[in-house]
Amino acid sequence: VLLCVPQEETRRRSRRRTLFSWDQTKYHKKVLKMSDTKYDNESKLMQKMKEQPFVPIGMAGFFAIVARGLWKMSSRGETKMSIHLIHMRVAAQGFAVGTITLGVLYSMYRDYVVKPREAQKALQPK
């Protein structure tokens with residue numbers, strides 16, 4: 001009876017190793033599949049930033065204006081706190097909306113001007 005207990009434990013350990021190694025293999029296959037895709041050299045964030053460059057610019061400007069407004073809060077003089085915060089919010093939102101508008105205009109230019117030119121150049125015989 002004492003000899004059967006260690007054998008049973010050995011079987012359990014071998015099952016655990018088998019399951020662990022199977023999970024590990026499955027993980028490595030998944031990692032290999034991801035490395036074969038277009039995400040080799042670029043992260044998804046960097047790819048999105050290249051597609052829409054005005055979004056991070058707008059976010060950076062928004063946070064810069066808010067930071068400047070908070071910094072200037074101590075030297076606002078006789079201006080009420082609520083007025084100062086309203087001005088800061090309007091400036092930050094204006095910057096964000098402006099960069100979104102520029103981004104839309106840029107994407108329209110790219111889609112309706114640059115791509116048709118490239119398509120026509122590809123169709124012309126050399």
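The exercises below work through a predicted model of one protein chain.

**Exercise 1. Fold outline**

Determine how many helices and strands the protein chain has, and in which order the elements run.

Solution.
1. The secondary structure amounts to four helices and zero strands.
2. Read from the N terminus, the order of elements is α-α-α-α.
3. Of the 126 residues in the protein chain, 9% count as buried.

**Exercise 2. Annotated spans**

Find which residues the UniProt annotation "transmembrane region" covers, and describe the secondary structure of residues 54–71 and of residues 91–109.

Solution.
1. According to the unreviewed UniProt entry, the annotation "transmembrane region" covers residues 54–71 and 91–109. Such an annotation may be inferred rather than shown by experiment.
2. Residues 54–71 are 100% helix and 0% strand, and the C-alpha atoms at the ends of this span lie 25 Å apart.
3. Residues 91–109 are likewise 100% helix and 0% strand. Here the end C-alpha atoms are 27 Å apart.

**Exercise 3. The largest pocket**

State the volume of the largest pocket, list the residues that line the largest pocket, and sort the lining by class.

Solution.
1. The volume of the largest pocket is about 170 Å³.
2. Its lining consists of I65, R68, G69, K72, T79, H84, H87, M88 and A91.
3. Two elements, α3 (54–72) and α4 (81–123), each give two or more residues to this lining.
4. By class, the lining holds three nonpolar, four polar and two charged residues.

**Exercise 4. Two lining residues in α4**

For M88 and H87, decide whether each is buried or exposed, and give the C-alpha separation of M88 from A67 and of H87 from G69.

Solution.
1. M88 is part of helix α4. Its relative accessibility is 13%, and the cut-off for buried is under 20%, so M88 counts as buried.
2. M88 and A67 are 21 residues apart in sequence, while their C-alpha atoms are 9.4 Å apart in space.
3. H87 also belongs to helix α4. With a relative accessible area of 53% and a cut-off for exposed of over 50%, H87 is exposed.
4. Between H87 and G69, 18 residues apart along the chain, the C-alpha distance is 8.7 Å.

**Exercise 5. A salt bridge**

Identify which side chains meet in a salt bridge, and explain how their positions in helix α4 relate.

Solution.
1. Searching the whole structure gives one salt bridge.
2. The partners are D111 and K115, with an N to O distance of 3.6 Å. This satisfies the criterion of within 4 Å.
3. Side chains of opposite charge can pair when their charged atoms come close.
4. D111 and K115 are four residues apart in helix α4, so about one helical turn separates them.
5. D111 is partly exposed, at 34% relative accessible area. K115 is partly exposed as well, at 46%.

**Exercise 6. An aromatic pair**

Classify the geometry of the aromatic pair F62 and F63, and give the exposure of F62 and of F63.

Solution.
1. Rings count as a pair if their centres lie within 6.5 Å; by this rule there are two aromatic pairs.
2. One of them joins F62 and F63, whose ring centres are 5.5 Å apart, with 80° between the planes.
3. Planes over 60 degrees apart count as edge-to-face, so the F62 and F63 pair is edge-to-face.
4. F62 has a relative accessible area of 29% and is partly exposed, whereas F63, at 52%, is exposed.

Key: Residues are numbered from 1 along each chain as its sequence is written. This is a predicted model: local features need pLDDT of at least 70, side-chain atom pairs count only at pLDDT 80 or more; totals for chains, interfaces and linings use all residues. Side-chain values use heavy atoms; hydrogens and water are left out. Rings of Phe, Tyr and Trp (its six-membered ring) pair if their centres lie within 6.5 Å; planes under 30 degrees apart count as stacked, over 60 as edge-to-face and the rest as tilted. Buried means under 20% relative accessible area, exposed over 50%, partly exposed in between (1.4 Å probe, protein chains only). On a 1 Å grid over the protein atoms alone, a cavity is a set of points where a 1.4 Å probe fits but cannot get out, and a pocket is an open set with protein on both sides within 12 Å along at least five of seven lines; lining residues have an atom within 4 Å of a point. Grid points are joined across faces, edges and corners, and a volume is the space filled by probe spheres set on the points. Ala, Val, Leu, Ile, Met, Phe, Trp, Tyr, Cys and Pro count as nonpolar, Asp, Glu, Lys and Arg as charged, and the others, Gly among them, as polar.
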